[in-house]
Amino acid sequence: MSLEKYKVFNLIEDVKKLKVLFILESPYINEYLHQHPAAGESALELTQFLMTQGYLKDFDAQLPLGCNIKALNYQPLGILNCSTLPLNKAFYPCALNSEDLAKVNELAAIKQNLNQSNPNKVPVDLKKNGVFKDFVSRLTEVLEQAPPDIIIVPCGDTAIGFMDAFKTIYQKPLTVLDSLPHPTESDWAEKIATINLTDYIAPQILP
């Protein structure tokens, strides 16, 4: 499949030392260029939000979250995208063959379906979807090796939808926060103004 080259995988420096795992949506242009998640503008918002909340003291406030993790080989925080392929149709070149175009439309439909403010939802059965199955296998692999008290933080509608579906099939107890919007949301600044992450994640977990 010619879309394989657009895949971007998890960013976890040492799964055995992982304390907090952010679930983000999917890669976009910056992630593709950097070859790791959380390399663009919205991930820069995440860096600044987490630093303002008192975490990640040595991070560079001008760098996206994923780039900081990479640069510092920072192990307590990891990032896993719902999809290893971009869900945003605008990412892909316009000259795709019909098979790839069908796949891209399917990826875009997942995002539409989980966008809570979208009135034109396309029904997608997440549990039968190959993207979700891949997410389940990647996340399960991480959880099998990570410490049992790991905290999972889904950001935005897509990540929350994937985690809700994951929780219905995963047999072991999970600590999942349900309070973080995605930085690309128009009311991100208003939403985060009322969030105090330290109620859920002690600052010393992400020094």
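1. Phenylalanine 22 has valine 153, in E3, as its bridge partner. The pairing of strand E1 (residues 20-24) with strand E3 (residues 151-154) is parallel and runs over 4 bridges. The model is a predicted one, and the points below should be read with that in mind.

2. E1 and E3 belong to an open sheet of 4 strands, in the order E2-E1-E3-E4, and the pairing is parallel. The edge positions are taken by strand E2 (77-81) and strand E4 (175-176); each has a single partner strand, so one side of each is without a neighbour in the sheet. Strands of a sheet pair through backbone hydrogen bonds, in either a parallel or an antiparallel sense.

3. Helix H6 lies across three strands of this sheet, E1, E3 and E4. Relative to E3, H6 runs at about 135°.

4. H6 also packs against H4. The angle is about 90° and the axes are 8 Å apart, which makes H4 roughly perpendicular to H6. From H4, the residues involved are Ile110, Lys111 and Leu114; from H6, they are Asp157, Thr158, Gly161 and Phe162. By class, this contact comprises 3 nonpolar, 2 polar and 2 charged residues.

5. Which residues lie nearest the centre of the largest pocket? They are Glu25, Ser42, Lys111, His182 and Thr184, out of a lining of 30 residues. Lys111 is also one of the H4 residues that meet H6. The space in this pocket amounts to about 640 Å³.

6. Four helices each supply at least two residues of that lining: helix H1 (29-34), helix H2 (41-52), helix H4 (98-114) and helix H6 (156-169). H2 gives the largest share, 4 residues. The packed helices H4 and H6 are thus both among the contributors to the lining of the largest pocket. By class, the lining of the largest pocket holds 10 nonpolar, 13 polar and 7 charged residues.

7. The second largest pocket has a volume of about 150 Å³. One part of its lining is formed by Leu143, Glu144, Ala146, Pro147, Pro148 and Ile150, and the rest by Tyr170, Lys172, Pro173, Leu174 and Thr175. Of these lining residues, 8 are nonpolar, 1 is polar and 2 are charged. Thr175 falls in E4 (175-176), an edge strand of the sheet.

8. A separate point concerns the segment before E1, where lysine 7 is found. How far apart are lysine 7 and proline 86 in sequence and in space? They are 79 residues apart in sequence, and their C-alpha atoms are 7.5 Å apart. Leaving aside residues up to four places away in sequence, lysine 7 touches Gln35, Thr84 and Leu85.

Conventions. Residues are numbered from 1 along each chain as its sequence is written. This is a predicted model: local features need pLDDT of at least 70, side-chain atom pairs count only at pLDDT 80 or more; totals for chains, interfaces and linings use all residues. Side-chain values use heavy atoms; hydrogens and water are left out. On a 1 Å grid over the protein atoms alone, a cavity is a set of points where a 1.4 Å probe fits but cannot get out, and a pocket is an open set with protein on both sides within 12 Å along at least five of seven lines; lining residues have an atom within 4 Å of a point. Grid points are joined across faces, edges and corners, and a volume is the space filled by probe spheres set on the points. Ala, Val, Leu, Ile, Met, Phe, Trp, Tyr, Cys and Pro count as nonpolar, Asp, Glu, Lys and Arg as charged, and the others, Gly among them, as polar. Axes are lines fitted to C-alpha atoms, for helices over the stretch in contact, and angles run from 0 to 180 degrees between N-to-C directions. Angles under 35 degrees count as roughly parallel, over 145 as roughly antiparallel, 65 to 115 as roughly perpendicular and the rest as oblique. Contact means heavy atoms within 4.5 Å. Two strands pair if DSSP finds at least two bridges between them.
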